[in-house]
Each structure stands twice: as structure tokens, then as C-alpha cells.
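Reader: I would like a close look at a single part of this structure, namely its aromatic ring pairs. Please take me through how the rings are arranged and where they sit.

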Amino acid sequence: MSYLHLLPISVYLLFQVTFLGTYIAAIIQGHVVPAIPYISDAATYSPESCVFGQLINMGCVLLGIVVYVRYRQIHVLCDFHADLRESAGKLNSRALWVGFGSCLGISIVANFQETNVRVVHLVGAFLCFGLGTVYFWIQAIISYYLQPYVGSMFKAHVRLFLSVVCTIFFIVVAVTGVISHILFHGEDPRKWYPSDGGWKYHVASSISEWIVATTFCFYILTFTDEFRSLSVDHPTLRILEYEIHTDVNIMDPEAYSPLAPSTPPPTPQGNVVLL
């Protein structure tokens, strides 16, 4: 299976369209004010929350595949280059599980709205942005180790820069978000007005969240060129019932019947392996 470079592009487009589409739908429905709400606030009420959750779940699956393909790419390179195995081998394994954790966090944020299950939603947000930022740092370091085998030094610098951006604005989201909710004295945080208190901190937090989410999407997009040179074969499928009888003649339809395993098999022909 080729065309793996379409995976990062699909993740980028799906997340960006979902974020912007949900924001527009929430404004049209009157569920949020247009003054830059949180992404999750725009996806709190139905029907936009239903569409948001479904599309994000699809995006999480695609993102998980991207994380796994990246892991396999580095793993194969380590088999060919001993220096990479020593420098990037352990980091690559850790990046796989950190990336999967971030995917899980994104799904939790999409399916457990803040208004319904606040604690679970916040845990998902921490997994999403926190582990996602850690994953990007690990991949940025690995990108330098991969020189000159894969990628370019420019791309490694870009990933390092995006990791720094994610780190800074993730901290801003956390700090200003807590302060804004402490100062808030309105009725509905989804409809946050300047007179409700903590307005400046709320705007800073929500803008920072949008920046982090957009940076995430651009970071995944940087894998596109490297995935162009990759190809994945279909996994091997083995039928254990056939492998037990190693003497089956697959050219004789009456030589073996799954319904009668006690029938003595004829001339030995070896194992049957289906691809």
C-alpha cells in the first residue's frame, strides 16, 4: 500500500475543517459568542457536538496510523544503521506510546463535553496537549538524529520551532485559563462577555488554544514528504486449522475437509500461508 503521504494531509484537512466548521455552526446556532471561544466550547451543544465528536474520532484513528507509520519508518531505519539504533531506538519506542496517548486525549476531549463531565474533559485536554507537545519534542530530536538519512536539517529546525511554539502556548492556555475561570462571574462560560470578568485572560487562553491546535496540524503535515518514500504491504494471514495439518495437498479439493479433521491427509505439500 503506497500513497502514505496522504495520511498527514488527511489529518490536517480533517481537523482544520472540523474546528472551523464547528465554530461557524456554533455561532449560527447562537451557542457561543463570536469573540474567539474555546474549540471545545464551540462543540458543547448539539447538533455541532455530535458532528464534532464523529469527525474527531475519525481524525484520531488517522492520527494514530500516522504515529504508527512514523514509528515503523524509524524502526526500519534503525535496522539498517547501527548509529541510529543507539541514538533513536529508545526514543522511537517512547514516542509511539506518547503519540497514542495524545490521540486518546483528543478523542476524550471530543466525546466528554466540559458541561457534562468536566473532570474527564480536563484530563483529556491534558493528554491531548501535554502528551502531544512531548511527542513533538521527541520527534524533533529524532529528526536531528536521522540526518543525513531521511528528511533535511531545515525540516528538523521547523519541527523544533513548532515544538517551542506548542510548549509556550500550552503553558499560556493552562495559566490564563485557570485565572479567567477564577475571575469569571457570569452565567454561561460558553457566552463569555467583557462584563463577566476575566475577559482578557479568557481571550488570551482561547487564542492560545487555537494556536496550539493549528500548530499540531502543521506539525503532522511536516511528515508528508518523508511518507512519500514509504510503502506498507498487507499483513500475512495464517489459518491455524490448515497449519496443524502440514501434509495437506491444496490442489486436491477432497484431500482435506474442515468438517472432518480426523481424515488422514494425503501427500505432504507443506504449510498453507494466505497473504
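**Aromatic ring pairs**

Author: Phe100 is partly exposed, because its relative accessibility of 29% falls between the cut-offs for buried, under 20%, and exposed, over 50%. This value, like the others here, comes from a predicted model. Trp97, by contrast, has a relative accessibility of 62% and therefore counts as exposed. Both residues belong to helix 4 (residues 82-111), where three residues, about one turn of the helix, separate Trp97 from Phe100. The ring centres of Trp97 and Phe100 lie 6.0 Å apart with their planes at 80°, and because planes over 60 degrees apart count as edge-to-face, that is how this pair is classed.

Across the whole structure, the search finds 12 aromatic pairs. One of them is formed by Tyr12 and Phe218, whose rings are 5.3 Å apart from centre to centre, with 55° between the planes, an arrangement that counts as tilted. This pair links distant parts of the chain, since Tyr12 lies in helix 1 (residues 6-29) and Phe218 in helix 7 (residues 199-221), 206 residues apart. As for accessibility, Tyr12 is buried, with a relative accessible area of 17%, whereas Phe218 is partly exposed, with a relative accessible area of 38%.

Ring pairs also build a cluster, in which Phe129, Tyr135, Phe136, Phe216, Tyr219, Phe223 and Phe227 are linked.

Conventions
Residues numbered from 1 in each chain as written. Predicted model: local features only at pLDDT ≥ 70, side-chain atom pairs only at ≥ 80, totals over all residues. Heavy atoms only, no water. Phe/Tyr/Trp six-rings, centres within 6.5 Å; stacked < 30°, edge-to-face > 60°. Helix = DSSP H or I, 4+ residues; strand = E, 2+ residues; numbered from the N terminus. Buried < 20%, exposed > 50% of the residue type's maximum accessible area, 1.4 Å probe, protein only.
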